[in-house]
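Welcome, and please open the structure in your viewer. This tour goes stop by stop, telling you what to select and what you will find there.

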Amino acid sequence: MNLEAFVLGCGGMMPLPNRHLTSVLLRREGELFLFDCGEGTQVSLRRLNLRWKKISVIFVSHTHADHVTGIPGLLMLSSQVDRDDPLYIIGPPRIAEYIESSRRVLDMHINYEIIVQEIRAPGLVYQGEGFHIRAFPLRHTKPCYGYVMEEYPRPGEFYPEKAEALGVTRGPLWAALQSGNRVQAEDGSFVEPEQVLGPPRTGRKFSFVTDTLAFPEIAKEVADSDLLICEGMFERALAESAREKRHMTAEEAARIARDGEVKQMALIHYSPRYTEHELKQVLKEAQAVFPETLLSRDRMVLPIEYRD
């Protein structure tokens, strides 16, 4: 089952010609989940030829403009196509007010159901087949949440020779065993999945963190992520400014990735003060702490692979 993250925008505060505002699309087979929706999101969706009308949930970190200004356009665009499924929007307090006021002031014609859920406490906010998404609090100038998508463990590797030796014929019974179900062999005996499967295999984990002070609990929340997309808004020289604005430096993000033992980190939400050349210094500071760091770029695709 494929799992991919698409960086639709990597900038913070204001859009630049080559840097839309923060937005990441997670695609798990045919399921699409959007994390933040800054200005320019629609442009990247079109250029990547993504099926934006299949987005089922928008997860909002907080209601600052550079994270939500793309939502109204996306809502109106979705009315131009046939959409049978509801669109969920999950975010902090006042996200419902923002959506409702945008619909009213812009006199939007919406021909599908929009379900807005405001997060009142950390924990599970969405559940799907084989995975869930949970939210945890960050420390910004207004209520802000990070998100983690975690897949459930998968059944272990299937050993056909063991199934045959136990009298289970090839076909639907093998599929049932691989799905974790007990079956009846030809001789009438029952065969348990653990008799023909190896140990359970891990699922994948994706984490999204932006607009926050650095603090130790973040590393615990994102621990063991296969991909962490995390803000690295400033270089070390501007650490004091980062603290005042309740953001983090790329070096602080790298410490979180290191302490959480994540597999890979992609930095995002760069200050517009940095040119593409200057971002290399930001990356250098992060890689000195956590070598598996990369700079995200608009329309970058990041596959998330199984570890076993």
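A pocket, for this tour, is an open set of grid points where a 1.4 Å probe fits, with protein on both sides within 12 Å along at least five of seven lines. Keep in mind as you look around that this is a predicted model.

**Stop 1: the second largest pocket**

Select Glu150, Glu151, Pro153, Thr202, Gly203, Arg204, Lys205, Asp224, Asp226 and Arg307, which line the second largest pocket. The volume of this pocket is about 160 Å³. Try colouring the lining by class: one residue is nonpolar, two are polar and seven are charged.

**Stop 2: the largest pocket**

Next, go to the largest pocket, which holds about 270 Å³ of space. Its lining has 14 residues, and Lys53, Lys54, Ile55, Arg83 and Asp85 are the closest to the pocket's centre. Two elements, strand 3 (31-35) and strand 4 (55-59), each give two or more residues to this lining. Colour by class again and you will find five nonpolar, two polar and seven charged residues.

**Stop 3: strand 3 and its partners**

Stay with strand 3 and select residues 31-35. Is this strand mostly covered or mostly open? It is mostly covered, with four of its five residues buried.

Now add residues 23-28, which form strand 2; this strand pairs with strand 3 in the antiparallel sense over five bridges. To see the two strands face each other, pick valine 24, which stands opposite phenylalanine 35 of strand 3. The hairpin of strand 2 and strand 3 has two residues between the strands, and glutamate 29 there takes a positive phi near 55°.

Then show strand 4 as well. In which sense do strand 3 and strand 4 pair, parallel or antiparallel? They pair in the parallel sense, over four bridges. For a pair to click on, choose phenylalanine 33 and its bridge partner in strand 4, valine 57.

**Stop 4: threonine 210**

For the last stop, select threonine 210, in the loop between strand 12 (205-209) and helix 7 (217-221). Why does threonine 210 count as buried? Its relative accessible area is 0%, and buried means under 20%, so threonine 210 falls within that class.

Show its side chain together with that of aspartate 211: a polar contact of 2.9 Å joins the two. Finally, leaving aside residues up to four places away in sequence, display what threonine 210 touches: Asp36, Ser61, His67, Leu138, Cys144, Glu231 and His269.

How values were computed. Residues are numbered from 1 along each chain as its sequence is written. This is a predicted model: local features need pLDDT of at least 70, side-chain atom pairs count only at pLDDT 80 or more; totals for chains, interfaces and linings use all residues. Side-chain values use heavy atoms; hydrogens and water are left out. Buried means under 20% relative accessible area, exposed over 50%, partly exposed in between (1.4 Å probe, protein chains only). A polar contact is a pair of N or O atoms within 3.5 Å; within protein, one must be able to donate a hydrogen and the other to accept it, and residues adjacent in sequence count only if both atoms are side-chain atoms. Contact means heavy atoms within 4.5 Å. On a 1 Å grid over the protein atoms alone, a cavity is a set of points where a 1.4 Å probe fits but cannot get out, and a pocket is an open set with protein on both sides within 12 Å along at least five of seven lines; lining residues have an atom within 4 Å of a point. Grid points are joined across faces, edges and corners, and a volume is the space filled by probe spheres set on the points. Ala, Val, Leu, Ile, Met, Phe, Trp, Tyr, Cys and Pro count as nonpolar, Asp, Glu, Lys and Arg as charged, and the others, Gly among them, as polar. Two strands pair if DSSP finds at least two bridges between them.
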